[in-house]
Amino acid sequence: MAPQCETTGPVSEPVLSVEFDDVTGAGDQQDDASFLSRHLGSDREQALQLAAELGFESVDELIDRAVPASIRMTKQLQLPPARAEHVALADLQAKMSANQPMRSLIGLGYSDCITPPVIQRNVLENPGWYTAYTPYQAEIAQGRLEALLNFQTMIVDLTGMAVANASLLDEATAAAEAMAMCAAARPKGKRFLVLSGCHPQTMDVLRTRAEPLEIELVECHEKDFADLGENDPELLGALFSYPNTRGSIADQEAMVTQLKAAGGVAVVTTDLLALTLLRPPGEWGADIVVGSAQRFGVPLGFGGPHAAFMACSDAHKRRLPGRLVGVSHDADGRPALRLSLQTREQHIRREKATSNICTAQVLLAVMAGMYAVYHGPTGLRKIAGRINELTVNLAGRLLAAGHELESEAFFDTLTVRPVGVEAGDIAERCVASGFNLRRHSDGRLGISLDERSTQQEVELLVEMFSCGESAGDSDSLGVPTGLQRESDFLTDPVFHDYHTETEMMRYLHRLEVKDIALNTSMIPLGSCTMKLNAAAEMMPLSWASVHGLHPFAPADQVTGYASLAADLEGWLAEVTGFAATSLQPNAGSQGEFAGLLAIRSFHRAHGDTERTLCLIPTSAHGTNPASAVMAGFEVMPVRCDDEGNIDVEDIRAKAAANAERLGALMITYPSTHGVFEESVVEICRIIHENGGQVYMDGANMNAQVGLCRPGDLGADVCHLNLHKTFCIPHGGGGPGVGPIAVAAHLADFLPGHHIGCGGSGKPRGGAPVSAAALGSASILTISWMYVAMMGAKGLTEATRLSIVNANYVAHRLQEFFPVLYRGEGGLVAHECIIDLRPLKEQSGIDVEDVAKRLIDYGYHAPTMSWPVPGTLMIEPTESESRSELDRFCDAMIGIHSEIRDVIDGRCSADESPLTHAPHPAETLLVGDWSRSYSREQAAYPAEWTRTSKYWPPVSRIDNVFGDRNLVCTCAGMDAYQQDSQSGGEA
């Protein structure tokens, strides 16, 4: 059973009554409060003024009213004292210096590469790129959408496929998503073939995903395809590797033909750089192609974050998971980009969704796409050709010395059986000389060369294998003639125009300023927690001791990462009130899936195989039901009452009626409506009494840290969004990290890993959910820095101020827009929902008009129409100053005035600036102005916009047109633009 809540009654006195000048403690380091004062938007006096305007004598009084006493913590979090920025950086640098970033030639889908400095400085290290949000408001995301369109075009061209998405989490999960696509395409199928040569970590994740869905995975060989019959209804498809994990390249066209004759779907994992030299899978029958774009300028990072890719034939494009950037046009006929087709499909399809992936690895996809832009097709061929030449040279020397190669057809990877010398001796000599090789279980050694390889490095490897000078006959080695690429790729001008650093720098800047990021203004998105991503938190990403390690390097070379992971796992367990943590899930969706798998595994370990029912409130984020189905659960909705709270009696009735098969409840806390529900402890108790487990979605953890803990409330597992509460930037839509913390009885079911080393070193029996043991390991340094610099009191004060700020915004706006939900104390938690539906009924102006008009004020809109249609959910976070909160509120009040103009008959809805927003400069400056409002009112709706103006690059985008006329590559955009100008359709 789950641990009982420690705080089931009123707390006798206020807990953690912390003021800003009391953040330092007796044992804290000198100047330890310096970061807190930089992170928080208001100081002590300003916070007190905000509370006073809400009618409270202190911040403590406000918090006591907002957060029910029955759930409050009775003790302070046990975390290390806060450290000043320079101290935390020094401490982390000392910790990570224990890592040994050696030359890892291990391969397994990870290759070292060179990040062009112009991309490192202007993208990876640039807050204009890394602090932007997912591009749901397309008009203020045209820059990163264009960058993602470049990425999609690159993937389409290199793979030879018709359509590509805007990236996935890693290669292993991309392969699993492809398997799910096969299942969606063939609903009666249950058998999925995996041709030998698949990366072992990919096979592990496939097993994880297949088992709950009752898909039979069959590992097979080439000879097995001869036995395939025609039109086998149980056959889903097959996964081919090209090149395979041992480096071998084979002509697989005949097998693909046999598979498709049997009715199966052909999935291929591949290497993008190899495809500059190899005939692309799309030319020999592949239906879906997946892989990783990591080696296109993205550091190893001990496993992540990286951008995986997925491309497919035209027949499968409507099933693509994740994000797809497409071309449409704006209200003035200009081409404009937007997310197409799959945008947040979970909210539409919920438990019928084919994937729970709700984002992409945008920042990393941008880097990979820009790597291709910077090098162009000629540069990529040159890089690939040099790597292949070095590999051929090494292979010839090995053969001449009498060693055996598994295959003479390869791109960059050799699998060698040493002759006359022990493989272990060679491997140890290599380590002593600074090289890691892959050690196969059959005694062979793997060598994967990469962009950093040189002839000198080849000579050192030759010496390790005791080879002579002779290279022998190497004409038959390398890429076979019949598999060499003949087709062109990357022909669009974008891959030819920016090869000098000057032009590349300017191109990146042009795209950056098209977007709104946190370096422009507050991003008040509810449930998304767009807080400060401090420079000190980001700096370690550029250290070689952080980004330079292969995820499967030997354990004794990554002790710094092990120490960092142990720290962070322990800190997050303390923050959540649980016993153990896994950092492996590399997105919130993966955290949901991993948490539900832990619950499922717990039930099955106790013989409760029938516990497959998952209760989910109707207000839940759409990924919740999608994740539940992926984990093998049946979803049953639970009602919410008129106040937005979970209907306790409905839960009680459904839990009791289904006590024999109740597996889990998924709940978000504070609620999806931004309210602390006092019934949460009772709800957890009801589930436990009926044999179920409670999964708590940690999307709203920014309202809990230091005030209450999921484990104390009765939850059994909680996932955390480190890209929300713990300061990892959203990166324009990714990366994210979604670790899970669990109670002691679930600890053994946390995700394990069969070949990677990571975490605190504790063995775990759960199934892996990501390709690497620590998922997106390198960005864990960001959250480590945040917790280290804030300390227990700082984290608590951040939570308190986030609640104060949200209530201040609700207070200022309530006269103009009804605030939908409040707690028992009449306050909201860290976010509030304002209702625009009454105003729409009176004026015809809807929530989208308001969202687009905010762009003219220089703001990203709050979360629109979720969880309640026709509303805006606002979360200001603790990092915003009062002046910024006031500017945003003034913008909303100004918009209300424009709505009143319509209601009072001063203008019609069609004549209002709201229905024509946003207003790009081109619209205002070109041609006659025939609208009833002035150009000045359109461009400068508030005084501050005259001195600091964000100019949207396009006017309102036609979403429907973009879906009906799907164009997802740069080349298609050019054709579309011509057709648009001539009045035709793309």
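**Cavities, sheets and local backbone features**

Strand 6 makes the greatest contribution to the lining of the largest cavity, supplying three residues. The model in which this cavity is found is a predicted one. The space enclosed by the largest cavity amounts to about 320 Å³, and its lining comprises 26 residues. Leu 108, Gly 109, His 199, Asp 271 and Arg 295 are the lining residues that lie nearest the centre of this cavity. Two elements, strand 5 (235-242) and strand 6 (265-271), each give two or more residues to the lining. When the lining of the largest cavity is divided by class, 15 residues are polar, six are nonpolar and five are charged.

In total, seven cavities of 30 Å³ or more are counted. The second largest cavity holds about 190 Å³ of space and is lined by 19 residues. Nearest its centre lie Leu 124, Pro 305, Leu 541, Ser 778 and Ile 779. Helix 12 (residues 362-400) provides the largest share of this lining, namely three residues. The lining of the second largest cavity has 15 nonpolar and four polar residues, with no charged residues.

Pro 305, one of the residues nearest the centre of the second largest cavity, is also part of a cis peptide bond. This bond joins Gly 304 and Pro 305, with omega at about 5 degrees. Pro 305 is situated in the loop between strand 7 (288-292) and strand 8 (308-312). The loop between strand 7 and strand 8 also contains Phe 302, a residue other than glycine whose phi is positive, near 55 degrees. A further cis peptide bond connects Tyr 242 and Pro 243, with omega at about -5 degrees. Pro 243 belongs to the loop between strand 5 and helix 10 (253-261). As general background to these backbone features, most residues other than glycine have a negative phi, and most peptide bonds are trans.

Turning to the sheets, five strands form an open sheet in the order 1-13-14-12-11, with mixed pairing. Strand 1 (103-105) and strand 11 (404-405) occupy the edges of this sheet; each has a single partner strand, so one side of each is left without a neighbour in the sheet. The pairing of strand 1 with strand 13 (residues 435-439) is parallel and extends over three bridges. Within this pairing, Leu 105 has Leu 437 of strand 13 as its bridge partner. Helix 13 (residues 423-432) packs on the sheet, where it touches both strand 13 and strand 14 (445-448). The direction of helix 13 makes about 155 degrees with that of strand 13.

Another open sheet consists of three strands in the order 22-24-23, and its pairing is antiparallel. Strand 22 (832-835) and strand 23 (863-864) are at the edges with a single partner strand each, and therefore one side of each has no neighbour in the sheet. Four bridges link strand 22 to strand 24 (residues 871-874) in the antiparallel sense. Ile 834 is positioned opposite Leu 872 of strand 24.

Helix packing is illustrated by helix 21 (residues 648-657) and helix 22 (residues 680-689), whose axes are 9 Å apart and meet at an angle of about 10 degrees. With angles under 35 degrees counted as roughly parallel, helix 21 and helix 22 are therefore roughly parallel to each other. On the side of helix 21, the contact is made by Val 648, Ile 651, Arg 652 and Ala 655. Helix 22 contributes Glu 682, Ile 683, Ile 686 and Ile 687 to the contact. By class, the contact of helix 21 with helix 22 comprises six nonpolar and two charged residues, with no polar residues.

Key. Residues numbered from 1 in each chain as written. Predicted model: local features only at pLDDT ≥ 70, side-chain atom pairs only at ≥ 80, totals over all residues. Heavy atoms only, no water. Pairing = 2+ DSSP bridges. 1 Å grid on protein atoms, 1.4 Å probe; cavity = no way out; pocket = protein on both sides within 12 Å on 5 of 7 lines; lining within 4 Å. Points joined across faces, edges and corners; volume = space filled by probe spheres on them. Nonpolar A, V, L, I, M, F, W, Y, C, P; charged D, E, K, R; others polar. Axes fitted to C-alpha atoms, helices over the stretch in contact; angles between N-to-C directions. Parallel < 35°, antiparallel > 145°, perpendicular 65-115°, else oblique. Contact = heavy atoms within 4.5 Å.
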